[in-house]
Amino acid sequence: MNPERWQELKRVFQAALEVPREDRETYLRAECADDAMRQEVAALLQSGENTDFLSDAAVTYLPKDDESAAGRRIGPFLIVRELGAGGMGTVYLAERESDFRQRVAVKVIRADVASGETVRRFTIERQTLAALHHPRIVRLIDGGATEDGLPYLVVDYVDGVHIDKYCDRHNLSVAARLKLFLEVCGAVHYAHQSLVVHCDLKPSNILVTEDGVPMLLDFGIAKLLDPVSMGLETNIAQTRQRAFTPSYASPEQLSGRPVTTAADVYALGVILYELLTGLSPYASANLDSPAAWIKSVCEDDAPAPSTTIPVETPERSSKALRGDLDAIVLKALRKDPRGRYGSADQMAEDIRRHLSGQPVLARKNTTPYVIRKFLARHKIGVAAAALVVVAIGAGLAARLWEARIAARRFEDVRNLAHTFLFDVHDSIQNLPGSTAARSLIAQTGTAYLDRLARDARGDAALQLELAEGYLKIGDVEGNQFSPNLGDTSKALESYRKALPIAESIAARNPKDMHARRVLARAHMDLAGALPFTGNSVEALEHARKSEELFRQAWGAAPADPEGRADLRRAYETEGDILGGARDVNLGRNKEAGDAYREALRLIPEPRPGVPEAERDGMARISLGVKLADRDDRAGRYAEALKQYQSLLELAERIANENPHNARDSGMVGTLLNRLAAEQSTLHQNAAAIENYRRFIEMAEANLAADPNNDRTRTGLTVANKNLGDHYFQNVGDFTQALRCYRRVAELLEWQVRADPGNVVARAHFSEIHEEIADCLLKTGHVAEGRREARLGLEIAKGLADRPGATSDQVYNYAHLAINADPEVLGDVAAVLPYALKAVEMSHGSDPFSLHVLARTYARSGNYRRAMEMEQKALALFPPSEPGKPVSGLQESIQDLLKESRDKLK
Amino acid sequence: MPSAIVTQLLHQLSGGNRQAIDELTPLVYSELKRIAGGQLRGERPGHTLQATALVHEAYLKLVDQRETSWQNRAHFFGVAAQVMRRILLDYAKGRRREKRGGGMALATLDEGLVIGHDRSSDLIEIDEVLTRLEKLDERQAKVVELRFFGGLSVQETAEAMGISEATVKREWAMARAWLHRELASA
């Protein structure tokens with residue numbers, strides 16, 4: 001480069017800047033003396049597009065010397081210096097004290113931002129990294145807390161360069177870049193197989209060492225298919241800042257929609273785009289405002305990589321990119337996640353195909369060759385640890401192949417596999433943390449089944465599988481017997497789809513016991529779900545139907561233990577409907593007891609010397625709890641306590657024998673909860689508090705690990721409520737009670753939002769406002785207390801006014817209203833109709849509603865009636881033995897009786 | 001307080017005495033080093049270090065405002081930027097000695113990270129490429145020195161160099177493009 005040439009270069013370059021972009025090419029051709037000059041200027045122009053370079057002043061390139069940190073000890077490591085700092089924490093370079101050759105990076109949470117949310121994310125990162133063992137993923141070495149109690153984690157120190165810089169520095173050819181990229185795909189795929197989505201893949205998180213080894217870093221916002229990123233916890237999503245890097249975020253991340261592994265595939269697409277072209281796919285996007293830019297990403301298609309190369313060089317040639325690589329990159333960048341590669345592995349495979357000259361899938365549509373390849377690969381997928389095609393998908397896929405339905409269907413089945421549906425087999429559904437993953441079935445599976453339903457006519461076996469498919473999906477959505485998402489109305493929809501299909505098959509094939517069982521299951525599933533939306537009467541019909549059908553099926557195959565188990569479950573369901581679960585019952589406690597005992601009889605006795613099967617043990621406990629609950633409700637507290645105690649022991653034993661089964665530890669929690677409640681009733685205060693706290697601790701940890709688990713959430717809600725009640729009534733500590741109740745409100749609010757059809761949750765939600773109101777009033781916050789009380793009443797009244805309202809819901813409102821501050825309630829007379837209705841609906845056999853009616857009368861001045869009701873209520877209790885404690889309810893009834901008598905004198 | 005001396009030297013510089021630079025530099029150097037070092041040790045609040053503030057602070061400390069003209073100021077900044085370059089490079093090289101292989105890497109980062117990696121090595125490379133630019137185009141390299149190392153604005157740079165703002169912008173645009181390209185292909 002001589003001075004004249006430089007001046008010429010400068011002249012043309014600066015002039016070209018003044019020319020509009022689209023005319024530059026023409027301008028250059030006209031102005032430049034030779035091709036070399038033209039290429040130089042073009043290269044400079046392109047290089048100049050990079051607006052970040054040198055925009056920071058030089059002094060910012062030097063990190064601050066955190067002298068206070070250097071030399072400090074963190075665990076077994078000595079800090080050398082700070083590497084960087086950010087919003088969440090600081091990263092230090094450190095050495096192992098005992099072996100200074102081991103260099104590590106220590107990341108410590110910053111003290112001033114160590115909030116619950118930050119710590120939680122930190123913990124997630126640590127847990128995520130701990131679970132990942134891959135040669136291309138940075139290794140977690142250690143973790144702990146500093147002397148000041150700040151959490152830290154220690155990873156390998158990776159001495160490397162960002163992957164894009166590395167490729168440029170070493171002038172890597174297209175093939176070499178692809179090979180490097182393949183290694184990254186391998187690491188990402190491994191993470192996905194461990195159910196981890198990175199969520200923030202970008203070149204600065206992929207470092208390449210001198211030896212050309214790429215390493216994946218920074219799982220700081222990785223998700224274990226987390227509910228927040230799936231858009232379920234909308235209240236949290238609003239207050240939270242975007243944690244991902246906008247340039248690499250997928251359209252669904254930007255619009256707050258559910259995030260899956262496809263988001264990582266998208267990011268990989270962007271990275272590959274940049275490695276191949278040096279430009280971002282959205283380089284020409286609208287940058288006026290973040291909103292405009294987001295719109296671009298979500299709506300505008302990125303230009304094919306081969307079309308964006310302004311200057312051809314050996315590393316960047318449009319010829320090399322045209323065709324295969326264009327197709328691969330654009331497939332990964334599809335706006336609809338389902339249109340992308342289903343996994344990083346599939347993307348890698350396509351790249352490998354391209355490198356070995358084979359046809360690339362991204363460019364193909366449907367051909368028999370593709371179908372055959374899919375089914376073959378599909379088998380490998382099934383064998384893989386956690387990611388399994390839905391059982392219905394696998395079964396149906398085989399059938400479809402046999403039935404030779406249109407090729408279009410294979411695309412559907414392939415899409416099914418591509419979006420990572422998980423098998424709803426027991427082995428997986430009881431693993432902690434898998435709830436969020438299962439919700440994918442709900443979304444994709446239903447749509448798929450609906451499409452398939454149209455084609456399944458005429459094929460009985462296929463239709464039956466279809467019905468089973470709907471039932472399985474319903475189970476995932478909201479079945480009380482399996483870990484679910486708590487979305488009852490969705491579940492009902494799915495079950496209702498299954499029913500007519502199963503009915504018609506069973507009717508046409510009366511000898512087919514399998515069809516009969518499927519039909520029975522459909523009835524039972526409906527029976528289980530209906531009470532939660534308030535349709536207990538219909539539920540009972542279905543329960544009875546299912547019992548009949550299961551009995552028939554079992555009769556036809558008496559040796560089948562499944563047949564017996566099915567019938568047992570049907571009876572348990574009937575018991576639940578009749579009066580097991582307090583809020584959704586028809587008020588027929590005695591019949592419920594009968595149904596439960598019937599179910600118990602169906603559990604095989606364990607053979608002497610042989611430990612009972614886990615499933616049978618759990619069934620025994622579950623029924624035992626429901627029976628003990630009845631004792632509690634009837635006032636036989638000591639009896640209930642004894643049963644809970646022995647059931648707890650049984651549950652703990654089973655949980656110890658099956659440590660990975662979340663359901664078993666869940667049962668321990670349930671029993672702790674009930675035991676504590678009973679102890680509270682019997683005023684064994686210290687024991688009660690201890691057991692509540694034990695349970696709450698367990699449940700909070702479980703909920704953190706699996707925030708979508710409805711069961712855990714419910715248990716935690718109940719425990720906090722009970723503990724709050726305990727503090728309120730037994731101990732008189734209203735501040736503690738308030739804390740517990742507020743936690744309950746938090747949990748219920750989540751539930752109400754996630755499952756709007758669940759009236760039980762809504763009823764509880766109204767009650768808790770009243771409790772909170774009480775505490776506030778007791779601690780002197782009158783105005784706030786009244787506000788809460790009014791809110792709670794509104795919610796309860798709404799439920800009670802519903803056309804299909806159950807006795808419990810009507811009772812709840814009456815109970816809340818009568819307990820409310822007169823200031824809040826207003827006219828007491830308005831409560832009377834509700835109180836009367838509650839008694840009527842429970843056939844006068846429910847002491848609680850009788851008591852509420854009595855109080856309503858008393859408040860209205862009608863003490864005679866009040867006495868009548870109270871006497872009726874008392875008659876329902878077993879005769880009280882002197883010296884034995886009576887329930888709070890009995891005490892209240894007796895108090896009111898006395899008061900009424902006095903008033904009538 | 002060396003401000004009297006500095007002011008006088010600046011006068012001499014404006015009067016055409018190029019020798020004044022040699023005497024000026026060490027004085028400016030020590031002051032800038034002191035200020036910069038203080039900032040790097042975190043004695044100033046905030047994450048982003050403000051280069052312009054440094055240079056201005058040095059100016060305020062070293063130069064008697066009442067006695068100097070805008071020309072003096074321009075000269076001062078010209079010198080200061082040069083000095084800053086030396087100081088920062090010293091720091092950067094000092095850091096490099098601590099690491100093996102001069103790599104720039106970081107293990108785990110989280111969102112909101114201000115300094116992505118140890119860019120001090122970048123600084124050394126930029127300096128090296130800038131030296132090459134100086135041989136091709138002294139004026140353009142000076143613009144970079146003032147803007148990037150000195151942290152001066154377009155207007156201040158124009159003043160310090162006695163050229164128009166438009167010229168500064170053009171030179172800056174090309175310099176950036178050329179430096180970026182040189183670094184990318186290095």
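Author: Helix axes are lines fitted to C-alpha atoms over the stretch in contact, and angles run from 0 to 180 degrees between N-to-C directions. Helices (H or I, at least four residues) and strands (E, at least two) are DSSP runs, numbered from the N terminus. This is a predicted model, where local features need pLDDT of at least 70, side-chain atom pairs count only at pLDDT 80 or more, and totals for chains, interfaces and linings use all residues. Residues are numbered from 1 along each chain as its sequence is written.

Reader: How many helices and strands does chain B have?

Author: Chain B has 8 helices and 0 strands.

Reader: At what angle do α6(B) and α8(B) pack?

Author: About 90°, with the axes of α6 (residues 138–149) and α8 (residues 165–184) of chain B 9 Å apart. Angles of 65 to 115 degrees count as roughly perpendicular. So α6(B) and α8(B) are roughly perpendicular to each other.

Reader: Which residues meet there?

Author: Contact means heavy atoms within 4.5 Å. On α6(B), they include Val143(B), Val144(B) and Phe148(B); on α8(B), they include Val168(B), Trp172(B) and Leu179(B).

Reader: How does confidence vary along chain B?

Author: pLDDT is the predictor's confidence in each residue, from 0 to 100. Chain B averages 69, and 55% of its residues score at least 70. Among its elements, α6(B) has the highest mean pLDDT (92), and α3(B) (residues 51–62) the lowest (61). Over residues 98–117 of chain B the pLDDT is below 50, yet this stretch has 78 contacts in the model beyond near neighbours in sequence. Where pLDDT is low, the predicted coordinates should not be read in detail.

Conventions: Chains lettered and ligands numbered in written order. Heavy atoms only, no water. Parallel < 35°, antiparallel > 145°, perpendicular 65-115°, else oblique.
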